[in-house]
Each structure stands twice: as C-alpha cells, then as structure tokens.
Amino acid sequence: MTTTQVRAACPLDCPDTCALLVTVEDGVATAVKGDPDHPTTAGVLCTKVSRYTERTYHEDRLLYPLKRVGKKGEGKFERISWDEALDTIAARLKPIAERAPEAILPYSYCGTMGLIQGESMSSRFFNKIGASLLDRTICASAGATGYKYTIGGSVGTDMEQFQNAKLLIIWGGNPIASNLHFWTRAQEAKRHGAKLIAIDPYRSLTAEKCHQHIALLPGTDAALALGLMHVLINEDLLDHDYIAQHTIGFEQLKQRAQEWTPERTAQTCGITVDEVVELARLYGGMAKAGEPVAIRANYGVQRVHGGGMSVRNIACLPALVGAWRHAAGGMQLSSSGSFPTNKPWLQRTDLLQKIPRTINMSTIGDDLLRPASAAFGPAVEAVIVYNSNPLAVAPDSDKVMRGFLREDLFTVVLEHFQTDTADYADIVLPATTQLEHIDAHTSYGHLYMMANNAAIAPMGEAKANTEIFRLLAARMGFDDDCFQDSDDQLAAQAFNANDARAVGFDWDALKQKGWQKLNMPQAPFAHGGFMTPSGKCEFYSAQMEKDGLDPLPAYVAPYESVASNPELAARYPLAMISPPARNFLNSTFVNVKSLRSSEAEPHLDIHPDDGAARGIANGDMVRIFNDRGSFVAKARVTDKARAGLVVGLSVWWKKLATDGKNANEVTSQQLTDMGRAPTFYDTLVQVERLAS
Ligand SMILES: Nc1nc2c(c(=O)[nH]1)N[C@H]1C(S)=C(S)[C@@H](COP(=O)(O)OP(=O)(O)OC[C@H]3O[C@@H](n4cnc5c(=O)[nH]c(N)nc54)[C@H](O)[C@@H]3O)O[C@H]1N2
Ligand SMILES: Nc1nc2c(c(=O)[nH]1)N[C@H]1C(S)=C(S)[C@@H](COP(=O)(O)OP(=O)(O)OC[C@H]3O[C@@H](n4cnc5c(=O)[nH]c(N)nc54)[C@H](O)[C@@H]3O)O[C@H]1N2
Ligand SMILES: [Mo]
C-alpha cells in the first residue's frame, strides 16, 4: 500500500482558511487533518472539515452530468454524457449571447473561496460573452463599505496577536462556531488575564463563555458605538495625540456624540445605562493605562438596515483611544484587503467590450421575475449557478423559488450534490471538491497565502469549475489564448510577486510548503497610514457625503423593529435572526448525516415570556411567519434569546427541513444602508404553536 500526505487548504467560507494534511492510501483520501506547523491552524480542525472525506465520498455525490426529466423543482433527472450536456448548453446560450448577452447571468458565491475555482475561468467566460455582472453582496459588502470609509480597506489587527490583548470585545460574532482559531487565541488571552465581552442579542455558544454578555436589540450596534463615544469623550478617556496626528473630523464627531447620552443609547439598544457607561470606562480606561484593547467585529452586526454604519461607528473607536498603537490592540473585521491578488488578470476584465449591467445577488428573487424594461434591460433568460445554493441562502425565498420555476428560464447548476437549487436546473454538471482539484487561497481572518494540491483523482466524471468553463468556451467558439491557461498557470499568477507584501511568492514553492505569510507590519496603523483619501482614520468622511450618506457616525434604525415600525410590529412583534449553526457552513454539510444529526432538525429559540404568551412549551412544533412566508421549527424555550427575539440557526436545506422550507422564507430583499447587502437579521415575525 502506498500512503502519501498531501498539502491542502480548506476552501470553505470561513475566516480561518486552515492548512490541511490529507492522507491518501492507494488513491483514496482516508483522513483530513489540520497542519500542526501552520501557525493559525495549529493542527486543529473544526468538526465539519475533519469530516471532509465523508462529504467527498458521500453516496449522493453527483458523478455524471444530468438533464432534467421532471418538472422544475421536482428533482427528477437522467444521466447524460458530457458531450450532450455541453452541446445543449452551448446551443441554448449562443443565440442569447448574440441577441442579448446581458440576459445571461452567472450566479456564484463562496462554496469555494479559491481564487482559481472561484472567479477565474468562469469570469473570463462570462466577460467574453458580455453577460450581466453579478454584484456579490450576500455576505460582507455592508461592513466592508463602512470599514473602508473609515479605515480605507479590509486591513486590521493580525489574528496572531489577539492572545496578547487584555480586553477583547467580540462584537456580532460567534467564533466558537464560525471562527474557531480566533477563539483559541481569545482563550489564551483569557488565561493571561484578559477580559472577554460579547455583544450579541443572543447568548450564543461564545457569549456563554465570555466574562460579560451585552444582549442588545438586533440592528442597534451603531447606537451603542455612539453612546460609547459619548462617554469616552465626556470622561476624557481619549488618546489626544493619536487623534491629532492620525484622524480627521474629531470636532464634528464630538458634537455628534453629544446627541447620544447613555440614557438614549440604553433605550435604543434595549440595555441598561450601566452597561453603556461601564463598557466605555473599561475600554477607554484600559487603553489609557497602556493596555492592548481589541475588537473582533464580525458579520452579525451587518445584516440589518444600518449594517454599514454599525461597522463604521465601531471602526472609529480604536482611533479615539489609540488602540492601534499596539499590535494586539485595534480591530479586525476582515484581513482580505491585505492580499495583493491579480484578479483583473485572473478574470480578464479586459475581455469586456462594454460594461454590462449589474445584478445584485441579494435581490435575485425580484430580478429573476423582472420583465424586460428600459431601466432593467432584458429579462434574465439563462442563469449559470456555481459555488452557491441560492434556493436555500438567498432572502425572500418564495420569490427566488418562483424565479427559478420560470419555464422560459434556462438554468445550469455546477454542484457536488443535488441541492435545493440543483432541483430547478435544466442541466446539472458534477463538480470536483477541494480534494480533487488545485487552488490558491487568500484568507479573511489571517495573513497567509495558501496552496491546495489535488489529493485524489476526480470522482466519477466530475470536473473542476475551471475545466467546465474551458470546455464551454470551446463549445461557444471562443478561441482566445486565455481559455487555454491551465489551473497551474492561473495559480502561478494568482498573487502579485512584485508587491512587497507577496515578495518571494512562487507557486511551486507554495505548493510544497502549503502557506506563506504576507509581509505586513505587526501593528498596521500604529503610526497612522490609513488607506483613506486623507490617509487618516476618517471620523468625518467627505466620500460618504459625496455618496449621499451622513458623513459622520450616525444611527440607521432597522427596517423592521418594534421601535422603528410599530405598525408592522403590531402584527409581527418578534425580531428573528438566523445565524449559522455550528455544524453547517451556510447550506454546505446539511446533507452530511453525522453533522445534520448533531443539529437534529430546525429549531427556534424563544424566550420563556414569549413562549408563555403564545402557549408554546419546549419541544412544541411552531410556525414562524410574516407577509413573505412561513416555515416550521421545533421550539426551544430558553432565555438564550432575549425577550422579543427568536433565533433559528441556519442555513437548512429546504428539502431536509421539517416542512420543506427554511428561515429565508421570512427574510426580506431590503438592502443595507451601504454596500447593497441583504438584511437577513432585520426581520419581524409572529410565531404560533402548531396543533399537534
Ligand atoms: N460553523 C459555521 N461557521 C461559519 C459559517 C457557518 O455557516 N457555520 N459561515 C461562515 C460565513 S459565510 C460567515 S459570513 C461567518 C459568519 O459568522 P459570524 O461573523 O460569527 O456572524 P453571524 O454568525 O452572522 O453572527 C454572529 C453572531 O451575531 C449575532 N447577531 C445577530 N444580529 C446581531 C446584531 O444586530 N448585533 C450584534 N451585535 N450581533 C448580532 C448572532 O446572534 C450571532 O451569535 O462565519 C463563517 N463561518
Ligand atoms: N437566513 C440566512 N441566510 C443566509 C445567511 C444567514 O446567516 N442567515 N448567511 C449568508 C451568508 S453570510 C452567506 S456567505 C451566504 C452563503 O451562500 P453560498 O455561498 O451559496 O453558500 P452555501 O450554501 O454553502 O453553498 C455553496 C455551494 O457551493 C457548492 N460548492 C462548493 N465547492 C464547489 C466547487 O468547487 N464547485 C462547484 N461548482 N460548487 C461547489 C457546495 O456544494 C454548496 O452547495 O448565505 C447567506 N444566507
Ligand atoms: Mo458569509
């Protein structure tokens, strides 16, 4: 028997991007382990990825191309050859491409985060056609935009420093589930005496293990940050020297913050005045004493109307107290902006003859149903889905479903499994998993360039996304040289080796070693150097003013909350959030039995008072509903959910959920204040007990 160890990288949409060691015995991957030498992975994997072989060799893997023989959504398919699949697709796309190329729409997100199996050959293909562009907003664009206005780009505290912090504020994140290797460092900081504070409406696994939990109302983080500024300013817990040298707009900010007394803040956030004042005193006081104080801000704060402003306001805090002076202070939202990638070349944006219209992936429900018009352009006639499962993950699911149900829509889905979305495809194409193809990766939590080697041969007739788009390009008659580039050739150009941060990047060497750290300063803004137009941390942003936004930190209330929309709240009084379940990765892994059995079935956490008011006892089946739709879950009566809040951990495959529906039946297509992102956690519902 020959046994080898292959260096790989985790492709999942998670900040940790772990370095993997895959054991291969006689061509079969038998184990996936965390690389003990990779500093952030440190030999540890989450439960999900340690089960990656179970997923790869799953009996339901798609191994052959399929064509639909039943009705859309019914799930009846028949095996066909690759030739038939590619010919059918080219025959359908060619006339559309000639007549109205923008009627063709790619739909993809982060099933894999790889630079190569993500947007490289696929983008070349769609750019050559002149297809509609997809605005990839479904996750992070609200916060990224708010952070960019303030700091200049997605750069922040190096996660390898957090163990040295003395105060760690975990703001809108649940790292035990979704950022495990950061949590390891938070634990280490705790052992060294650091205080951990969670800011989260829900007592998540993480909030439960912090020293303090501030359970504010969803969507009110921007107000809390303003209230903290008020106290920091009025009690002079400031770093005047840092403010003078490295920020702009302090005088205006000072005035704005006066509007946010602790009393008003506490009332808006649904917390106590003491919680506001004490948090400010702790944060500002420790910073003033020269201790490293750090904020790990995450996605939980972004999925509401004011999500962009929330992140912007939080991002002002470290500069006020001079927390950026320390390598272990400051703030991390995402490290993605640290990587010098070659996206324009990978995606060959120069193939575009003109700039096509852009469709926002977060409003796919409306956009698939939209007829042709002067404002919109042609109706969507063909959609090619890869690395995503919109039927399960996109908001306002009933509309998404009705869009994909359109008889005149031609749908192709590249997948590992027959997902909810694949059920609506005309043609399903089997894609390889991370063990079967190569890729190059960045990370949004750490600072390593990562390589993924193929560990095993493709399963069945599966092909890598890149290969599928190469073959489709040939069928469409595209003969540009760029469609000949191999995955290795693409990866060799993935990072810009002339950039000081990636100096020494060499693909062959990276494949051997698995990872290479970017060359970055330890404390990125200790001496200013923000990437904003002014080069300073912008409390006042002229760019925001130009973009029609309030140039100063402000509070943007939720679309749907008891305070902001009492009329709606009269019918739907409960705020619902649907953050990730620990054993799923968005909708990935829901079909892996061992992981699904850990989550058992869709649950809804509801506070005892709200349960009692509705006659709901622990274990009752309940229906969660609003004007957009409904889904069924099993109630867990628990004070983990604050009163007025219900929590449905997500994202379930609809067809594996109790009533064939999931939380996105009730979420809306309203967009955030900036970044055009969805508002999954800005949803009012009513809950009723189902007759047993
Ligand atoms: N196990 C697992 N890990 C994952 C994922 C997964 O599905 N499963 N998904 C990955 C992806 S794509 C992402 S984007 C990240 C997301 O992971 P996180 O950044 O952790 O974000 P969320 O899970 O959306 O929310 C985290 C916490 O925010 C809280 N929250 C909800 N609304 C608010 C609010 O208005 N204010 C505040 N302060 N908190 C709020 C929720 O209760 C939740 O506990 O995780 C990645 N990692
Ligand atoms: N209600 C609610 N909805 C949410 C969220 C929430 O918290 N609550 N979170 C939102 C967030 S943060 C995000 S990021 C989105 C995520 O939404 P998506 O990016 O759509 O993520 P997944 O649901 O994991 O679907 C990814 C699919 O890609 C497939 N895939 C993986 N690798 C490959 C590959 O190499 N080739 C091909 N062809 N396919 C591959 C997987 O099998 C999987 O079915 O969901 C959003 N939706
Ligand atoms: Mo995400």
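The following exchange concerns the two largest pockets of this predicted model.

Colleague: What makes Tyr109 and Arg136 lining residues of the largest pocket?

Modeller: A lining residue has an atom within 4 Å of a pocket point. Tyr109 and Arg136 are among the 44 residues that line the largest pocket, and therefore each meets that cut-off. Together with Cys110, Ser336 and Lys343, they are the closest to its centre. About 1400 Å³ of space lies in this pocket.

Colleague: Which elements give two or more residues to that lining?

Modeller: They are helix H4 (121-129), strand S7 (133-135), helix H5 (141-151) and helix H15 (343-347). The largest share, five residues, comes from H5.

Colleague: How do you know which domains the largest pocket draws on?

Modeller: Its lining takes at least three residues from each of domain 2 (66-132 + 356-517) and domain 3 (142-336 + 523-546).

Colleague: Why is Lys343, on the lining of the largest pocket, counted as charged?

Modeller: Lys belongs to the charged class, along with Asp, Glu and Arg; Lys343 is therefore counted there. The lining as a whole divides into 17 nonpolar, 20 polar and seven charged residues.

Colleague: What makes Pro218 nonpolar but Ser561 polar in the second largest pocket?

Modeller: Pro is listed as nonpolar, whereas Ser is not listed as nonpolar or charged, so Ser561 counts as polar. Both lie nearest the centre of this pocket, as do Leu217, Val562 and Ala563. Its 22 lining residues comprise 13 nonpolar, seven polar and two charged. About 300 Å³ of space lies in it, and domain 3 (142-336 + 523-546) and domain 4 (566-689) each supply at least three lining residues.

How values were computed
Residues are numbered from 1 along each chain as its sequence is written. Chains are lettered from A and ligands numbered from 1 in the order in which they are written. This is a predicted model: local features need pLDDT of at least 70, side-chain atom pairs count only at pLDDT 80 or more; totals for chains, interfaces and linings use all residues. Side-chain values use heavy atoms; hydrogens and water are left out. On a 1 Å grid over the protein atoms alone, a cavity is a set of points where a 1.4 Å probe fits but cannot get out, and a pocket is an open set with protein on both sides within 12 Å along at least five of seven lines; lining residues have an atom within 4 Å of a point. Grid points are joined across faces, edges and corners, and a volume is the space filled by probe spheres set on the points. Helices (H or I, at least four residues) and strands (E, at least two) are DSSP runs, numbered from the N terminus. Domain bounds come from an automatic or database domain assignment.
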